[in-house]
Amino acid sequence: MIAKPEPGDGARLPVPKRARWLGRLLLSLYLPAITACVAGRPPSNNILCFTCTEVTCEPAAPATCGEPPGQQTGTGSEARFISGELDLTGDGVPELVRRVGTQVRIEGDGGEVWRTPPNWDVVDVALGDPNDDGRGELLLAFRREDNKGISRSHPFIVGYREGTYRTLWGGSAVRDPIHEVALDDLDGDGVQELVVLESCGEDSRAVTVWRWHGWGFSLQWRSEPGAYSDLVLVSGGDGLPASIRVTRVP
Ligand SMILES: [Ca+2]
Ligand SMILES: [Ca+2]
Ligand SMILES: [Ca+2]
């Protein structure tokens, strides 16, 4: 007669020796296969992460990038600037910067104090200290027509000096149109790098890292071409370097 097992007693049910041996064998065969499957699975949402030194950037595990900070991230398909706060005037009180369509507006003292000229079609904005002088500014990427009516992509730095908002540095038209920009310290030296998602040929894009050299930016690193979007710099916290996070469209 076979005794009926009591409820919750299943773990102690007698198992024939041959069945136990067979179970161990099957488990030992399956475990490596399961591990290899997990290790070989593409990262969720095709997130790509890069970490940088002062010389170059290299791919890193997607977990390094963690979750992107909410305030810098838009709700659309790309992580383009929506709004943010930064002290631009140097009085310790932050101004509000908002992108409204293809315009950018600065609000301070309860009202609008500056907006982009009407012929600037703003593509993206980054707030920070792009020219490494200790003051906060806007790094604007916009398109405007040249004197032949051709739309050109430009990076500009706009800040507040001597009582007024003005262009502090106006980059000439770039060869590879800019899609997204971001600023943060990528190598932990206390100086922010400019990260740009730009066109790379007709159908591809590249992630590029630029360093301020006193009167402009010099290219430090360029990724392999790919279908990238949603550029976000993930802060390392406590003075640690930030990581570059992009999404690769399949
Ligand atoms: Ca201020
Ligand atoms: Ca500055
Ligand atoms: Ca740096």
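## A tour of three calcium sites and two disulfides

Start by selecting the calcium ion (ligand 1): its protein donors are D87 (OD), T89 (OG1), D91 (OD), V93 (O) and E95, which gives two OE atoms, and they lie 2.2 to 2.7 Å from the ion. Keep in mind as you click around that this is a predicted model. Along the chain, the donor residues here run D-x1-T-x1-D-x1-V-x1-E. Turn on angles and you'll get 52 to 173 degrees among the 6 donor atoms, an irregular site. Now colour by accessibility: E95 is buried at 6% relative accessible area, while D91 is partly exposed at 49%.

Next stop, the calcium ion (ligand 2). Select D129 (OD), N131 (OD1), D133 (OD), R135 (O) and E137, again with two OE entries; these donors sit 2.1 to 2.3 Å from the ion. R135 comes in through its O atom, and the spacing reads D-x1-N-x1-D-x1-R-x1-E. The angles among the 6 donor atoms span 58 to 169 degrees, so this one counts as irregular, since six donors are octahedral only if opposite ones are over 155 degrees apart and all others between 65 and 115. Is N131 buried or exposed? It's buried, at 12% relative accessible area. R135, at 26%, is partly exposed.

On to the calcium ion (ligand 3). Pick D185 (OD), D187 (OD), D189 (OD), V191 (O) and E193 with its two OE entries, at 2.2 to 2.6 Å. The pattern in sequence is D-x1-D-x1-D-x1-V-x1-E. Angles among the 6 donor atoms go from 54 to 178 degrees, and the site is irregular. Check two of the donors for burial: D185 is buried at 11% relative accessibility, and E193 is buried at 1%.

Now leave the ions and show cysteines as sticks. How many disulfides does the structure hold? There are 2, and with bonded cysteines counted along the chain they pair 1-4, 2-3.

Zoom in on C49 and C65, joined with an S to S distance of 2.1 Å. The torsion about their S-S bond is about 100 degrees, so this disulfide is right-handed. C49 belongs to strand β1 (residues 47-52) and C65 to the loop between β2 (57-60) and β3 (83-86), so the bond ties together parts 16 residues apart in sequence. Both cysteines are buried.

Then select C52 and C57, whose sulfur atoms are 2.1 Å apart. Their torsion is also about 100 degrees, so this disulfide is right-handed, and both C52 and C57 are buried.

Last click: C200, which is partly exposed at 23% relative accessibility.

Technical notes:
Residues are numbered from 1 along each chain as its sequence is written. Chains are lettered from A and ligands numbered from 1 in the order in which they are written. This is a predicted model: local features need pLDDT of at least 70, side-chain atom pairs count only at pLDDT 80 or more; totals for chains, interfaces and linings use all residues. Side-chain values use heavy atoms; hydrogens and water are left out. Donors are N, O and S atoms within 2.8 Å of the metal (3.2 Å for Na, K and Ca); water is not among the atoms, so sites may look incomplete. Four donors count as tetrahedral if all angles lie between 85 and 135 degrees; four count as square planar and six as octahedral if opposite donors are over 155 degrees apart and all others between 65 and 115; anything else is irregular. Buried means under 20% relative accessible area, exposed over 50%, partly exposed in between (1.4 Å probe, protein chains only). A disulfide is a pair of cysteine sulfur atoms within 2.5 Å. Helices (H or I, at least four residues) and strands (E, at least two) are DSSP runs, numbered from the N terminus.
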